[in-house]
Amino acid sequence: MPTVRDMIRKKGSEVFSILPDATIYEALTIMAKHNTGALMVVSGNKVEGILSERDCVRKMDLAGKTSKSTKVSEIMTSKVIYVEAGQELEECMALMIDKNIRHLPVFDGKELLGLISVRDVLKEVVDVQKFMISQLEHYITGGGR
């Protein structure tokens, strides 16, 4: 099974981020512009948290706050669950299912390599399974001899 690093190499390592003192409105604008469901909350070189669309709905709207007056730091998830780049994809998938999360930052030591979504993981798992099926079919049929 491939590692998370393999998936990041294929997908790309671009990570969209926002400052903790930015507004939720600014965060949602960035998410919409880049068609992403989460942003890393970064101050300097330090990851302070993660903000997802789900956070914006559940923690802001339900509390009666407005997107233009609420700061990212007020509703972000500060205890960030993450994976190391060398972890296998299956471990990553199990973690996402177990913790009911849709976005995971990927670190190599202290360096942020990327951000993966449950959709990214699912796509990679399907691609790996398709390849394995193709190889098995090739083996069973004798490789076209």
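This briefing describes the pockets and the salt bridges of the structure above. The model is predicted. The largest pocket encloses about 840 Å³, and the second largest has a volume of about 220 Å³. The structure also holds eight salt bridges, and three of these are described below, involving Arg9 and Asp6, Asp120 and Lys11, and Asp127 and Lys123.

**Largest pocket**

- The lining of the largest pocket comprises 30 residues, and those nearest the centre are Gly37, Ala38, Arg102, His103 and Ser117.
- Two or more lining residues come from each of the strands β3 (46-52), β5 (103-108) and β6 (111-117) and the helices α3 (53-60) and α6 (118-140).
- Sorted by class, this lining has 11 nonpolar, 10 polar and nine charged residues.

**Second largest pocket**

- Asn45, Lys46, Val47, Glu48, Gly49, Ser78, Val80, Tyr82, Phe107, Gly109 and Lys110 line the second largest pocket.
- Strand β3 makes the greatest contribution to this lining, giving four residues.
- The lining consists of four nonpolar, four polar and three charged residues.

**Salt bridge within helix α1: Arg9 and Asp6**

- Arg9 pairs with Asp6 in a salt bridge whose closest N and O atoms are 3.6 Å apart.
- Both residues belong to helix α1 (residues 4-11); because they are three residues apart there, about one helical turn separates them.
- Arg9 has a relative accessibility of 62% and therefore counts as exposed, whereas Asp6, at 30%, counts as partly exposed.

**Salt bridge between helices α6 and α1: Asp120 and Lys11**

- The side chains of Asp120 and Lys11 form a salt bridge with an N to O distance of 3.5 Å.
- This pair connects distant parts of the chain, since Asp120 lies in helix α6 and Lys11 in helix α1, 109 residues apart.
- Both partners count as partly exposed: Asp120 has a relative accessibility of 21%, and Lys11 has one of 40%.

**Salt bridge within helix α6: Asp127 and Lys123**

- A salt bridge joins the side chains of Asp127 and Lys123, with 2.9 Å from N to O.
- The two residues are four positions apart in helix α6, which corresponds to about one turn of the helix.
- Asp127 is partly exposed, with a relative accessible area of 29%, while Lys123 is exposed, at 52%.

**Helix α6 across the topics**

- Helix α6 gives two or more residues to the lining of the largest pocket.
- Helix α6 also holds Asp120, the partner of Lys11 in helix α1, and both members of the pair Asp127 and Lys123.

Terms used: Residues are numbered from 1 along each chain as its sequence is written. This is a predicted model: local features need pLDDT of at least 70, side-chain atom pairs count only at pLDDT 80 or more; totals for chains, interfaces and linings use all residues. Side-chain values use heavy atoms; hydrogens and water are left out. On a 1 Å grid over the protein atoms alone, a cavity is a set of points where a 1.4 Å probe fits but cannot get out, and a pocket is an open set with protein on both sides within 12 Å along at least five of seven lines; lining residues have an atom within 4 Å of a point. Grid points are joined across faces, edges and corners, and a volume is the space filled by probe spheres set on the points. Ala, Val, Leu, Ile, Met, Phe, Trp, Tyr, Cys and Pro count as nonpolar, Asp, Glu, Lys and Arg as charged, and the others, Gly among them, as polar. A salt bridge is a side-chain nitrogen of Lys or Arg within 4 Å of a carboxyl oxygen of Asp or Glu. Buried means under 20% relative accessible area, exposed over 50%, partly exposed in between (1.4 Å probe, protein chains only).
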